[in-house]
Amino acid sequence: MLTVVVPVHNVARWLDICLESLAAQTHRDLDVVLVDDGSTDGSGALADAWAARDPRFRVVHQANAGLGAARNAGAALATGDYLAFVDADDVLPPYAFEVLVNALEQTGSDFASGNVALLTDGELSPSPLHRGTHRQTRLSVDPREHRYLVYDRLACNKVWRRSFWGDTRFPEGVLYEDIPVTVPLYGRARRVDVIDLPVYYWRQRPAGDASISQRMAEQRNLDDRFAAVVSARRSLADPDFANWYAETALQSDLRLVLEVLPDVDDAYRSRFLKLASAFLSDVDASALDRLRSRLAAAWRLTRDGDVDGVVELVRAVRAGAAAGAGAGAGAGVGVGGMAAWRDPAEPAVRATAVSWAGNRLRIDLADERLPLALLWLREAAPGNRVVAQPAARGACLLRPTRLRGREGWRPGEWTVNVAPARDGARALLRATEPISLPSRWVDAETLLAPVVRGGVLRLVVDRPDVFVVEAGADSDDLYVDGFGELAPGTLLRLERAAGVPSLAYPVVVAGPKWMVRVPFADLVTAIGRPGVPGEPPATWRAAIGTTPLLAGPRVVPAEAGPVVVDADPRGVLRVTALN
């Protein structure tokens, strides 16, 4: 069972949609504790009404004591094996707890953390805070080996194993309750699961109704933010991890208060200088050396007491961000995020798009400052074959057969390099932003798949032993017929996130052929009700065991009962709910 704690304080405007998204979770084994924290707008009565009609909901009423106290009161009443927290103005997609709990059930990790989307005026957009931490699903990882995870300091996009949570308590009577809790738990965890799917829709309140995180220029906000960061750092027993966290704080939580200095009064600036100087005096000086140069300069000016210099530098960064984004951008509080502090980039060549033009693979290049003559592809295999391909007008068209050897196709990986038009060494072709990477079968047995690994574009030649021959509707079932030797007892898994099965079905094996049947009724139940209008449809990828199941060259998009069956860009069989 999963206990979900929902603090409720004067959120009548949003409470119903939040609780509706909890009631609609495809993970049904819930114990929802609503803590009415002295509401005066009718929120408490709304909570009582939910408890009256859904036995999984219960309500505790208490005098107003703040978010931390309400969360602690709810956690003290938890009965589940797992624990989660949800703020009453936010929303969850229907699969959120299913994916997080299934991951923990499979891995035994201490907690699972999912991606976050911002909910602004009813529209969803990616959370910039989680763009790096949740770029891909990673199961059972050691936070000390993936220290960047500590950039995700929310408590509400996670499911905690309650035995790991133990007697953890949120600080009370302060803002930023999450930081002093989540950061030490990262330091204590042995293994965590990271899910790339958005599991939490974080509401951005409209102007005039700002949440805590949107009131950055208030002095109490300043005091509590520094107190939270200092408390979190001091709680970390591992000195290396503590120093790493201090570095991340200078780039994230504390950078946010630095950025508002042009917009605040002298009292705020003086208080900032006092708090920041104390924090910096306890941080290894080498941490500043690892920051981007302009941000490091801002913190050195702060350390030296030159608040006017910091203000001027922030204004310059803000002006640069506005100029880069176009007229009107960058106005008001803040400078446009960490991207605004980037150092001027050296000329580099990036892949901006990968697509298919007829039977050729088109790679578009960002080469405005570095004219290119050739695209080089080097095979990472014995023999190290090299293919050179002319590049013109910012693009290269590659015939896949150029990668086929004299003896036919050979599975392997090709690294893409670029060569300048004159006087320059070859360099790796980078792909620094997410781009579409469409695969294609180049013959009946060979799949060519563009991938990005380590920020570098590569081409993978795959000749799979097992693949889907055909998929579609058969009476009340989705059928999946395939080719390839499979052992009796093999399961086909439908996964919302890579490696985390949502549904599993036995494969019927008949020699080199096999078949699977998935009842449409199971899919209808698993689709769930959207948390908000415009939410992306429920989607699963197919896997055989832990290996993604490729859709063969004969598989074409087809409606099958409540879903569409096709291949995702990587060529894996995909099942998507019809809108």
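Among contacts in the protein chain between residues at least 6 apart in sequence, what share joins residues at least 24 apart? In this predicted model, the figure comes to 70%. The chain holds 14 helices and 31 strands. Its radius of gyration is 26 Å, close to the 25 Å that the globule rule gives for 579 residues, so the chain is as compact as a globular protein of that length. Along the principal axes, the C-alpha trace spans about 75 × 65 × 45 Å. Of the 579 residues, 51% are buried. The surface left exposed adds up to about 25300 Å², with carbon and sulfur atoms supplying 51% of that area.

Now for the inside. Nonpolar side chains tend to be buried together in soluble globular proteins. Here, the largest nonpolar core takes in 110 residues, and those with the most contacts inside it are V6, L22, F97 and W299. F97 gives a feel for the packing: leaving aside its neighbours within four places in sequence, it touches L2, V4, L22, Q25, H27, L30, A84, V86, L92, N102 and V159. A second core, separate from that one, has 31 residues, among them V468, A471, I544 and L549.

Helix α3, covering residues 67–76, is mostly covered, with seven of its ten residues buried. Those seven are G68, A69, A70, R71, N72, G74 and A75. What do they pack against? The partners are the strands β1 (2–8), β2 (30–37), β3 (57–62) and β4 (82–85), along with helix α5 (162–165). Helix α13, residues 307–325, offers another kind of setting in E312. That residue counts as partly exposed because its relative accessibility is 47%, a value that sits between the 20% and 50% cut-offs. E312 and D37 are 275 residues apart along the chain, and their C-alpha atoms are separated by 43 Å.

Further along the chain comes an open sheet of five strands, in the order β24-β25-β21-β20-β28, with mixed pairing. β24 (508–510) and β28 (550–551) stand at the edges with a single partner strand each, so one side of each is left without a neighbour in the sheet. Within this sheet, β21 (residues 477–483) and β25 (residues 513–519) run antiparallel and pair over seven bridges. D481 sits opposite M515 of β25. Helix α14, made of residues 520–527, lies across β20 (467–474), β21 and β25, and runs at about 55° to β25.

Strand β26 is worth following from partner to partner. Strands β22 (residues 491–497) and β26 (residues 539–544) pair in the antiparallel sense over four bridges, and here E495 stands opposite R541. β26 also pairs with β31 (residues 573–577), again antiparallel, this time over three bridges. In β31, the bridge partner of R541 is R574. R541 therefore faces E495 in β26's pairing with β22 and R574 in β31, two strands counting as paired when at least two bridges are found between them. Then there is β27 (residues 547–548), which runs antiparallel to β26 and is joined to it by two bridges. I544 stands opposite T547 of β27; I544 is also included in the second core. The hairpin of β26 and β27 has two residues between the strands, and G545 in that hairpin takes a positive phi near 65°.

Positive phi values also turn up in residues other than glycine. Which loop holds D121? D121 is in the loop between β5 (111–120) and β6 (123–126), and its phi is positive at about 50° although it is not a glycine. With 67% relative accessibility, D121 counts as exposed. S475 has a phi near 60°, likewise positive in a residue other than glycine. Its place is the loop between β20 and β21, strands that both belong to the open five-stranded sheet. Is S475 buried or exposed? At 66% relative accessibility, S475 counts as exposed.

Conventions
Residues are numbered from 1 along each chain as its sequence is written. This is a predicted model: local features need pLDDT of at least 70, side-chain atom pairs count only at pLDDT 80 or more; totals for chains, interfaces and linings use all residues. Side-chain values use heavy atoms; hydrogens and water are left out. Contact means heavy atoms within 4.5 Å. Axes are lines fitted to C-alpha atoms, for helices over the stretch in contact, and angles run from 0 to 180 degrees between N-to-C directions. Buried means under 20% relative accessible area, exposed over 50%, partly exposed in between (1.4 Å probe, protein chains only). The radius of gyration is taken over C-alpha atoms; the globule rule is 2.2 Å times the number of residues to the power 0.38. Accessible areas come from the Shrake-Rupley method with a 1.4 Å probe; for residues, only the protein chains shown count as cover. A nonpolar core is a set of buried Ala, Val, Leu, Ile, Met, Phe, Trp, Tyr and Cys residues joined through side-chain atoms within 4.5 Å.
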